[in-house]
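Colleague: I am new to reading models like this one. Could you take a close look at one part with me, and explain each term as it comes up?

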Amino acid sequence: MPPIPFASRLLFAAAWCVGRLPLSLQQGLGDALGRFAHWRDTREARVARRNLELVAATPGGLPREQAIAGILRATGRNAFETLRIWTRPRADNLALVASVVGEAHLAAALAAGRGVILAAPHYGNLELVIEAMAARGPFALVYRVPDSRIGDGFLRLARGGENITLVPAEGNAMRPLWKALKAGGVVGITPDQQPKLGAGEFAPFFGKPALTLSLVPRLAERSGAAVLFAYAERREDGRFDLHLAPADPAIGGADIAAATAAMNAGVEAIARRDFRQYQWTYKRFTLRPPGSGEIDPYGPECR
């Protein structure tokens with residue numbers, strides 16, 4: 001990988017300062033950031049509102065604006081918690097894990113000897129999943145390379161801890177992942193980011209076609225590795241429960257349409273546990289099925 005720019009190191013130093021604040025203060029600042037975003041109707045607020053309109057969801061039966069306010073507060077908390085996790089020792093980060101649910105599923109999958117694919121959606125705190133898995137042994141993580149060299153350097157500093165191998169989400173990503181699985185290791189992939197056209201399949205997500213990453217199903221089919229969903233769910237006390245759950249076996253099947261639909265259904269089930277903790281501020285539906293006549297549903301108001 002290329003050297004890390006000096007500007008990336010400066011950014012990381014600034015993040016370190018924020019990451020050293022007490023957890024209660026970080027969470028309070030996150031709540032304040034979310035309230036500000038809702039009051040100012042920022043881009044994040046507009047995207048979240050549009051996403052809930054697109055999926056026709058009213059989380060918990062709440063009025064939509066109240067639901068959006070809750071989503072933005074959780075998003076703000078996640079931002080500050082992430083800075084904490086990126087800049088603190090792993091032992092400090094693991095102290096945020098109150099319980100691990102389904103660890104036996106991971107043990108059984110590793111014992112099978114074909115490796116494990118962790119499908120880790122953007123729910124709760126993804127970075128805590130990464131830390132927890134790297135604490136158990138070598139962990140290969142697929143990540144989307146930022147357009148900026150500075151941003152990429154910062155992300156490599158933030159995520160490149162002990163036992164973590166960062167694999168850029170590019171055309172040759174399959175090779176290092178295949179190697180890790182052949183050695184019986186664990187790879188992590190976020191299944192709910194929109195790939196480029198040609199790198200995925202359109203599959204239902206909350207009833208609406210969404211371009212869906214095909215890397216997880218294709219890797220599972222070819223390797224025979226077990227697929228587990230992994231997510232760190234925020235508790236009311238500010239700590240997290242780490243969940244590991246077997247995915248639908250259809251994700252590893254030869255029918256790519258059925259596989260991507262099953263993967264999206266799994267992500268949707270996790271998101272429905274607590275709508276506030278899912279990444280509704282992300283434009284999931286910008287690319288539309290060819291020939292459908294649909295256009296980007298977000299429009300200028302979400303830019």
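Modeller: Happily, and let's start with words for angles: under 35 degrees is roughly parallel, over 145 roughly antiparallel, 65 to 115 roughly perpendicular, and the rest oblique. This is a predicted model, in which local features need pLDDT of at least 70 and side-chain atom pairs count only at pLDDT 80 or more, while totals for chains, interfaces and linings use all residues. Residues are numbered from 1 along each chain as its sequence is written, and side-chain values use heavy atoms, leaving out hydrogens and water.

Now find helix H3 (residues 43-54) and helix H4 (residues 64-87), whose axes come within 10 Å and cross at roughly 125 degrees. Helices (H or I, at least four residues) and strands (E, at least two) are DSSP runs numbered from the N terminus; axes are lines fitted to C-alpha atoms, for helices over the stretch in contact, with angles from 0 to 180 degrees between N-to-C directions. H3 and H4 are therefore oblique to each other. Glu44, Ala45, Ala48, Arg49, Leu52 and Glu53 of H3 meet Arg64, Glu65, Ala67, Ile68, Ile71 and Leu72 of H4, where contact means heavy atoms within 4.5 Å.

Next comes the sheet, with strand S5 (residues 186-189) as our guide. Seven strands make an open sheet in the order S1-S9-S8-S2-S5-S3-S4, with mixed pairing; two strands pair if DSSP finds at least two bridges between them. Strand S1 (97-101) and strand S4 (164-168) are at the edges with a single partner strand each, so one side of each has no neighbour in the sheet. From one strand to the next, the twist averages 25 degrees.

S5 runs parallel to strand S2 (residues 116-119), and four bridges join them. Leu118 has Gly188 of S5 as its bridge partner, and Ala119 has Ile189. S5 also pairs in the parallel sense with strand S3 (residues 139-143), over three bridges; here Ala140 is partnered by Val187. Both faces of S5 are covered: Val186 and Gly188 on one side, and Val187 and Ile189 on the other, are all buried (under 20% relative accessible area; exposed is over 50%, partly exposed in between; 1.4 Å probe, protein chains only). Finally, look for helix H8 (residues 149-159), which lies across S3 and S4 and runs at about 155 degrees to S3.
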